[in-house]
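Student: I would like to go through a protein model with you. Could we look at one residue first and then move outwards?

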Amino acid sequence: MGQGGLSHFLIDEYILAGLREDMNGEDVSTQALVGPRDWGRVDLLAKEEGILAGLGVFKRVFELLDPEVSFSFYKEDGDALEAGEKIGTLEGPIRALLSGERLALNFLQRMSGIASYTHQMVQALGETKTQLVDTRKTTPNFRLFEKYAVRVGGGRSHRYNLTDGVMLKDNHIGAAGSIKKAVQGARDYAPFVRKIEVEVEDMDQVQEALEARADIIMLDNMSPEKIREAVALIGGRAQVEVSGNISLENIRAYGQLGADFISSGSLTHSAPVLDLSLKGLKHIGSH
C-alpha cells in the first residue's frame, strides 16, 4: 500500500487525469521562469485546525511529475492540525514543485475537509452504539479519495458502488411492484453473500420489509418518534439504518434512537475544504 492507505495501483490513473486536466501541454508560467535543474524547498502549512487526510495522494502527485522530489513530513493521516502548524517540507526540482502545487493541494484540502467534518460528526454522535457511514453522494471520479477520507475521520463506508451490495430504494420497489417482489428478485439474482437492504418511508413498509426478511432496513426521512417506533417493531430482526437530513446539530439525538447506522451524504457532498497551503518557496541551487 502507498502512504495514506491508498495503493498507487488504485490512485495513479486519477492523479494522471488530474494532471492532464491542469496541464495538457506545458506549464507556461513555470517553464518561462525556471530551468530544469533549478532546485527549491517549500513548506506545507495548515492555515486552520482540522484533521489531515490524503498525504499519500498529495505526495504521489509530485512523484509522478518528478521522482527526484523528496519529502519530510511531521504529521500523518488522521492527525489533528492547528492553524499555522507546519505539516512538512518538500524539496526538489522547482518545475515539479510549482506545476504540481495546485492539484496536490486540491486533493489534500478536499480530503482533509471531509475527514475534519466526519470527525466533527462522530464527536457529536457521542458514545452510542450507532455508527456513522457515508453514501454514494460523491464527486464523480473522486469517490475513492472521499470515502477514504471519511474513514480517516472516524466514519465507516457504506457500499462502495452499485456492484458492492443490494440496496432497494423507492424506485426499485416501484419497478418491482412491491417490497416483497423486490426483495425476492434480489435474493434470486444476487450472490448469496450479499446482504439485502430496503429503503422504507412509513410503518407499513417497515412491516413489509420484515415479512420479506430484508437484512437491513433503512428508515428514510422519518421523524424521531417514528424511528423509535420502527426500531422497536424491528426488534433486532434486521439491522437498522437511519438516513435523511442528518446534521451536526441533530446527529446526537438521532443516535440515541437505537439504530445500528446513520448514513449522511453531507460527509462527502457538503464538507468544506480545509485551508492548507504551500508557502515560502526558496531557490536552493542547481543540480
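Student: Which residues is Asp 38 in contact with, leaving aside its neighbours within four places in sequence?
Tutor: Please keep in mind that this is a predicted model. In it, Asp 38 is in contact with Gly 92, Pro 93 and Ile 94, and also with His 283, Gly 285 and Ser 286.

Student: And where is Asp 38 placed?
Tutor: Asp 38 belongs to strand 1. Its bridge partner in strand 12 is Ser 286, a residue that also appears among its contacts.

Student: Is Asp 38 with or without a salt bridge?
Tutor: Asp 38 has no salt bridge, although it is buried. The nearest side chain of opposite charge belongs to Arg 95, which is 6.8 Å away. A salt bridge requires the nitrogen and oxygen atoms to be within 4 Å, so a separation of 6.8 Å does not qualify.

Student: What does the side chain of Asp 38 reach, then?
Tutor: It reaches the backbone nitrogen of Gly 35, at 2.8 Å.

Student: Let us turn to the sheet. What is the order of its strands?
Tutor: The order is 3-5-1-12, in an open sheet of four strands with antiparallel pairing. Strand 3 and strand 12 (276-286) are the edge strands, and each of them pairs on one side only. From one strand to the next, the twist averages 15°.

Student: What holds paired strands together in general?
Tutor: The strands of a sheet pair through backbone hydrogen bonds, and the pairing may be parallel or antiparallel.

Student: How many bridges join strand 1 to strand 5, and how many join strand 1 to strand 12?
Tutor: Seven bridges join strand 1 to strand 5, and eight join strand 1 to strand 12. Both pairs of strands run antiparallel. Within strand 5, Lys 86 is the bridge partner of Leu 45, while Thr 89 is the bridge partner of Asp 43.

Student: Which strands does helix 3 touch?
Tutor: Helix 3 packs on the sheet and touches strand 1, strand 3, strand 5 and strand 12. Its direction makes about 160° with that of strand 3. Helix 4 (residues 94-125) also packs on the sheet, where it touches strand 1, strand 5 and strand 12. The direction of helix 4 makes about 160° with that of strand 12.

Student: Back to charges. How many salt bridges does the structure hold?
Tutor: There are twelve salt bridges in the structure. One of them joins Asp 43 to Lys 86, with the closest N and O atoms 3.7 Å apart. This pair links distant parts of the chain, for Asp 43 lies in strand 1 (residues 38-46) and Lys 86 in strand 5 (residues 86-93), 43 residues apart.

Student: Why does Lys 86 count as partly exposed?
Tutor: Its relative accessible area is 36%. Partly exposed covers values between 20% and 50%, so Lys 86 falls into that class.

Student: What about a salt bridge inside helix 3?
Tutor: Arg 60 and Glu 63 both lie in helix 3 (residues 55-65), three residues apart, which is about one turn of the helix. Their side chains meet in a salt bridge at 3.2 Å, N to O. Arg 60 and Glu 63 are both buried. They also belong to a network of salt bridges that includes Asp 12 and Lys 59.

Student: And how far apart are Lys 75 and Glu 85, N to O?
Tutor: The side chains of Lys 75 and Glu 85 meet in a salt bridge at 3.0 Å, N to O. This pair also links distant parts of the chain. Lys 75 lies in the loop between strand 3 (70-73) and strand 4 (80-81), and Glu 85 lies in the loop between strand 4 and strand 5, ten residues apart. Glu 85 is partly exposed, at 22% relative accessible area.

Student: A new topic: what is the phi of Asn 141?
Tutor: Asn 141 has a positive phi of about 65°, although it is not a glycine. Most residues other than glycine have a negative phi. Asn 141 is found in the loop between strand 6 (131-133) and helix 5 (143-152).

Student: Is Asn 141 buried or exposed?
Tutor: Asn 141 is exposed, because its relative accessibility is 62%.

Student: And what is the phi of Asn 221?
Tutor: Phi of Asn 221 is near 55°, again a positive value in a residue other than glycine. Asn 221 is placed in the loop between strand 9 (216-220) and helix 9 (224-234). With 47% relative accessibility, Asn 221 counts as partly exposed.

Technical notes
Residues numbered from 1 in each chain as written. Predicted model: local features only at pLDDT ≥ 70, side-chain atom pairs only at ≥ 80, totals over all residues. Heavy atoms only, no water. Helix = DSSP H or I, 4+ residues; strand = E, 2+ residues; numbered from the N terminus. Buried < 20%, exposed > 50% of the residue type's maximum accessible area, 1.4 Å probe, protein only. Pairing = 2+ DSSP bridges. Axes fitted to C-alpha atoms, helices over the stretch in contact; angles between N-to-C directions. Contact = heavy atoms within 4.5 Å. Lys, Arg positive; Asp, Glu negative; His and termini not counted. Polar contact = N/O pair within 3.5 Å; in protein donor to acceptor, adjacent residues only side chain to side chain.
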